[in-house]
Amino acid sequence: MSRTAGVTPGTTPLLRIAVPNKGTLAANSARLLAAAGFSFAPARERLFSADPIRSAEILYLRARDIPAMIAGGYVDAGITGRDLVADSGHELRELLPLGFGRSVVRFAVPPGTDEDPRTWHGKRIATALTTLTRRHLAKLGVRARVVPMSGAVEVAVHAGIADAVADVVDSGRTLAAHGLRAVGAPLIVSESVLVAVPHRAGSVRLRNLADRLAERLPVGDTVFVR
Ligand SMILES: Nc1ncnc2c1ncn2[C@@H]1O[C@H](COP(=O)(O)OP(=O)(O)OP(=O)(O)O)[C@@H](O)[C@H]1O
Ligand SMILES: O=P(O)(O)OC[C@H]1O[C@H](OP(=O)(O)OP(=O)(O)O)[C@H](O)[C@@H]1O
């Protein structure tokens with residue numbers, strides 16, 4: 001697929017925007033772009049769609065894959081979670097915080113475990129956010145073993161796979177249901193963000209995109225769908 005498909009030759013090049021195709025951030029990301037005047041087909045129809053009027057193309061991708069696609073130059077900007085950007089290890093610039101998909105990444109332990117992560121030398125920590133967790137442990141000076149999982153992390157302690165977990169906490173209900181308690185400082189405080197590579201962050205088109213989205217963000221207590 002060429003980067004100019006759907007747009008008249010000689011006009012402004014396509015601005016490619018990556019958006020989660022499913023998961024927590026998908027619905028609000030699509031709503032925000034629609035509210036900002038973009039006209040894209042929904043992800044359930046096809047995973048790419050052009051808006052010739054705005055010389056833009058949307059690529060629907062997994063939220064976790066979006067940072068690498070931006071860093072690799074395949075898309076110009078994207079909406080994903082700040083925690084997923086940090087976990088990708090790619091240096092991206094936040095053009096705009098978007099305020100939905102708020103979460104905190106926390107360590108959590110069962111009763112009887114020392115609550116200070118700095119004492120966890122040799123412990124096993126299950127997580128889907130391995131880079132973020134390794135970096136945080138290194139900052140704390142802890143030599144613990146990170147056990148990679150792609151989800152369902154809270155079962156790891158019960159299953160004997162790990163001694164603690166590092167996971168996304170929203171309401172806290174999932175941790176409580178598994179007899180786990182959040183401990184230590186947050187690894188990161190996250191929300192959805194519009195991101196791009198640093199050297200393109202100041203470009204006119206990306207600044208215009210950020211401005212358009214900023215105008216359409218909910219204000220005060222008004223929230224997007226959860
Ligand atoms: N309750 C929540 N559960 C999961 N992710 C959340 C929650 N609240 C906010 N988020 C944020 O949503 C992003 C995760 O979205 P992603 O699509 O990768 O996972 P997901 O919503 O759990 O879907 P999947 O089931 O496909 O893993 C992260 O930035 C995370 O911080
Ligand atoms: O604090 P809470 O409001 O309970 O939400 C946090 C939970 O939701 C997410 O899991 P998800 O349902 O996306 O499943 P997953 O663990 O398989 O990603 C996240 O990984 C936590 O487990």
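1. A good place to start is ligand 1 and Asp83: an N or O atom in the side chain of Asp83 sits 2.6 Å from an oxygen atom of the ligand. Please keep in mind, as you look, that this is a predicted model.

2. Two further side chains make polar contacts of this kind with ligand 1. For Thr24, a side-chain N or O atom is 2.4 Å from a ligand oxygen. For Ser103, the corresponding distance from a side-chain N or O atom to an oxygen of ligand 1 is 2.7 Å. As for burial, ligand 1 taken alone exposes 590 Å², and the protein buries 64% of that.

3. It is worth displaying the whole shell around ligand 1. The shell holds 13 residues, and the closest are Thr24, Gly81, Asp83, Ser103 and Asp170. By class, the shell comprises four nonpolar, five polar and four charged residues.

4. Which domains contribute to the shell around ligand 1? Domain 1 (15-101 + 191-216) and domain 2 (103-189) each provide at least three residues. Colouring the model by domain would be a friendly way to show this to readers.

5. Now to ligand 2. The residues around ligand 2 are Gly151, Ala152, Glu154, Asp167, Val168, Val169, Asp170, Ser171, Gly172, Arg173 and Thr174. Asp170 therefore deserves a label in both views, being listed among the closest residues to ligand 1 and also among the residues around ligand 2.

6. The polar contacts of ligand 2 involve side chains and backbone. A side-chain N or O atom of Glu154 is 2.5 Å from an oxygen atom of ligand 2, and a polar side-chain atom of Asp167 lies 3.2 Å from a ligand oxygen. Asp170 takes part through its backbone, with an N or O atom 2.8 Å from an oxygen of ligand 2. On its own, ligand 2 has 490 Å² of accessible area, of which the protein covers 58%.

7. Which secondary-structure elements each supply at least two residues of the shell around ligand 2? They are β9 (164-169) and α6 (173-177). Strand β9 gives the most, with three residues. The shell around ligand 2 divides into three nonpolar, four polar and four charged residues.

8. Strand β9 also leads into the sheets. It belongs to an open, mixed sheet of five strands in the order β8-β7-β9-β6-β10. Because β8 (145-148) and β10 (181-190) stand at the edges with a single partner strand each, one side of each is left without a neighbour in the sheet. Neighbouring strands here are turned by 25° against each other on average, direction ignored.

9. For a closer look at that sheet, try the pairing of β6 (residues 103-109) with β10, which is antiparallel and runs over six bridges. Ala108 has Ala182 in β10 as its bridge partner. Ser103, whose side chain contacts ligand 1, falls within the residue range of β6.

10. The other open sheet has six strands, ordered β2-β3-β1-β4-β11-β5, again with mixed pairing. Its edge strands, β2 (48-51) and β5 (93-97), each pair on one side only. The twist from one strand to the next averages 25°.

11. Within the six-stranded sheet, β4 (residues 77-81) and β11 (residues 192-196) pair in the antiparallel sense over four bridges. The bridge partner of Ile79 in β11 is Leu194. Gly81, listed among the closest residues to ligand 1, lies within the range given for β4.

Notes. Residues are numbered from 1 along each chain as its sequence is written. Chains are lettered from A and ligands numbered from 1 in the order in which they are written. This is a predicted model: local features need pLDDT of at least 70, side-chain atom pairs count only at pLDDT 80 or more; totals for chains, interfaces and linings use all residues. Side-chain values use heavy atoms; hydrogens and water are left out. A residue is near a molecule or strand if one of its heavy atoms lies within 4 Å of it. A polar contact is a pair of N or O atoms within 3.5 Å; within protein, one must be able to donate a hydrogen and the other to accept it, and residues adjacent in sequence count only if both atoms are side-chain atoms. Accessible areas come from the Shrake-Rupley method with a 1.4 Å probe; for residues, only the protein chains shown count as cover. Ala, Val, Leu, Ile, Met, Phe, Trp, Tyr, Cys and Pro count as nonpolar, Asp, Glu, Lys and Arg as charged, and the others, Gly among them, as polar. Domain bounds come from an automatic or database domain assignment. Two strands pair if DSSP finds at least two bridges between them. Axes are lines fitted to C-alpha atoms, for helices over the stretch in contact, and angles run from 0 to 180 degrees between N-to-C directions.
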